[in-house]
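User: Hi! I'm new to reading protein structures. Could you walk me through this one?
Analyst: Happy to. Take a look, then ask away.
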Amino acid sequence: MKIKTFKVERWMNEYEDDAVYNLGETCIDSMTIKELLELAGEDVEKYMVELADTRLSYSHIFGSPEFLQGVAGLYQDLKPEQVIPTHGAIGANNQVITTLIGAEDNMVSVMPTYQQHYSIPESIGADVRLLQLTLEDDFLPNLDVLRSLVDENTKMITINNPNNPTGSWIPVDVMKEIIEIAKSVDAYVLCDEVYRGISEDGSYMQSIVDLYDKGISVGSMSKVFSMAGLRMGWIATKCEEVLHQCHERRDYDTISCGVLDDKLAALALAHKEQIFARNRKILNTNRAILDQWVQETPEVRYLRPVAGTTALVYYDKDIPSYDLCVRLIKEKGVLFTPGECFEMEGAVRIGYAYDSKTLKEGLDKFTEFLREL
Ligand SMILES: Cc1ncc(COP(=O)(O)O)c(C=O)c1O
């Protein structure tokens, strides 16, 4: 199986360690175990002593009841048995696509998105049709274009909501239209919802599985829960056939998730309100810092992100985004991600959900860099 280089992951692997101002990160300021325990109201010493007695077996093959219940609680009326634990959202996306897509199928993927969604099916030999998101359409799927891309052999439409890198969020009425288009050709909708959970105003963010029986939601502990180190993700769907087929494949590529990972994730899920309150504050503060900087910097423009942890920022210099980002990290220590990693030239992705001081300083360094170019 020949597969293309995963550009964004390769970029991060190569440059993340050199960053003084890491604005390539997409998680909300990662937590320590201690911070989690404190937020959950646990006695840290007591919890750690008890944790030491955990038997390091394969444990619950299908996930602990507490974890499954916690994930089900992130959706409107999902049952714990409709959740499949995976090794991160990356494991979930891989499992769904490799399970459901064959060389004879076609599918539609939005662009930009996480590269798994188009490069894995391409590597399988499927016909992947790209639905380009544009600034003019507020980075929302253009429904007429989507209609023109599907046919009776379309097995899946895959979207990423909230979107990485643009920070757009598909409103429910648009999502319902996407579902109508999927229904017209009996296609699945895989929705990578790894950034779902924290809306600006605190309202519930509807998932694809709340709206469509052939909808498949992928989520994880990495981004809005600030726990990428757990490597816990999941597939959630009401579709029996998908659950069955993914379980069949999972025996080959997962067995079970880590017992410690499952335990800490279950604790976090049981205290999601406290974690989301911490993280909403970070997002709202940092989004305002980013927005103010964009307003004050005539060399850049963007569509203000409304969800997620990243923004796609266009610059007015005639330099490819990869070259710009390499020079920026080498000369100023600021790590962005080139738009080129998302096939979006003339732009950079800024991850703004870490600490506010690094964000402010990194953005100022970038202004300085642009003015010296
Ligand atoms: C859209 C999207 N999906 C999936 C992932 C993988 O996340 P995880 O850490 O849960 O494997 C990422 C990570 O950046 C992402 O941006």
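User: Let's start with two helices, α12 and α14. At what angle do their axes cross?
Analyst: One thing up front: this is a predicted model. The axes of α12 (residues 272-296) and α14 (residues 356-372) cross at roughly 10° and come within 10 Å. Angles under 35 degrees count as roughly parallel, so α12 is roughly parallel to α14.

User: Which residues in α12 and α14 meet?
Analyst: From α12 you have Thr285, Asn286, Ile289, Leu290 and Trp293, and they meet Ser356, Leu359, Lys360 and Leu363 in α14. By class, the residues of this contact are five nonpolar, three polar and one charged.

User: Okay, switching topic. How many residues surround the ligand?
Analyst: There are 13 around the ligand, and the closest are Gly88, Ala89, Ile90, Ser220 and Ser222.

User: And which helix gives the largest share of that shell?
Analyst: That's helix α5 (residues 88-100), which contributes three residues to the shell around the ligand.

User: What classes of residue make up the shell?
Analyst: Seven polar, five nonpolar and one charged.

User: Now the sheets. In what order do the strands of the seven-stranded one run?
Analyst: The order is β2-β8-β7-β6-β5-β3-β4, in an open sheet with mixed pairing. At its edges are β2 (83-87) and β4 (127-132), and each of these pairs on one side only. On average, neighbouring strands of this sheet are turned by 20° against each other, if you ignore direction.

User: Can you zoom in on β5 and β6? How many bridges join them?
Analyst: Five bridges link β5 (residues 154-160) with β6 (residues 188-192), and the two strands run parallel. As an example to find on screen, Thr158 has Leu190 in β6 as its bridge partner.

User: What about the sheet with four strands: what sort of pairing does it have?
Analyst: Its pairing is antiparallel, and this open sheet has the order β9-β10-β13-β12. Because β9 (300-302) and β12 (337-338) each have a single partner strand, one side of each is left without a neighbour in the sheet. Further in, β10 (residues 310-315) and β13 (residues 347-351) pair over five bridges in the antiparallel sense. There, Leu312 stands opposite Arg349 in β13.

User: Last one: which domain does UniProt place on this chain?
Analyst: The unreviewed UniProt entry places "domain: Aminotransferase class I/classII large" at residues 42-365. Over residues 42-365 the chain is 42% helix and 18% strand, with the end C-alpha atoms 41 Å apart.

Methods:
Residues are numbered from 1 along each chain as its sequence is written. This is a predicted model: local features need pLDDT of at least 70, side-chain atom pairs count only at pLDDT 80 or more; totals for chains, interfaces and linings use all residues. Axes are lines fitted to C-alpha atoms, for helices over the stretch in contact, and angles run from 0 to 180 degrees between N-to-C directions. Angles under 35 degrees count as roughly parallel, over 145 as roughly antiparallel, 65 to 115 as roughly perpendicular and the rest as oblique. Two residues are in contact if their C-beta atoms, placed from the backbone, lie within 7 Å. Ala, Val, Leu, Ile, Met, Phe, Trp, Tyr, Cys and Pro count as nonpolar, Asp, Glu, Lys and Arg as charged, and the others, Gly among them, as polar. A residue is near a molecule or strand if its C-beta atom, placed from the backbone, lies within 6 Å of it. UniProt positions are given in the numbering used here, feature names are shortened, and annotations may be inferred rather than shown by experiment. Two strands pair if DSSP finds at least two bridges between them.
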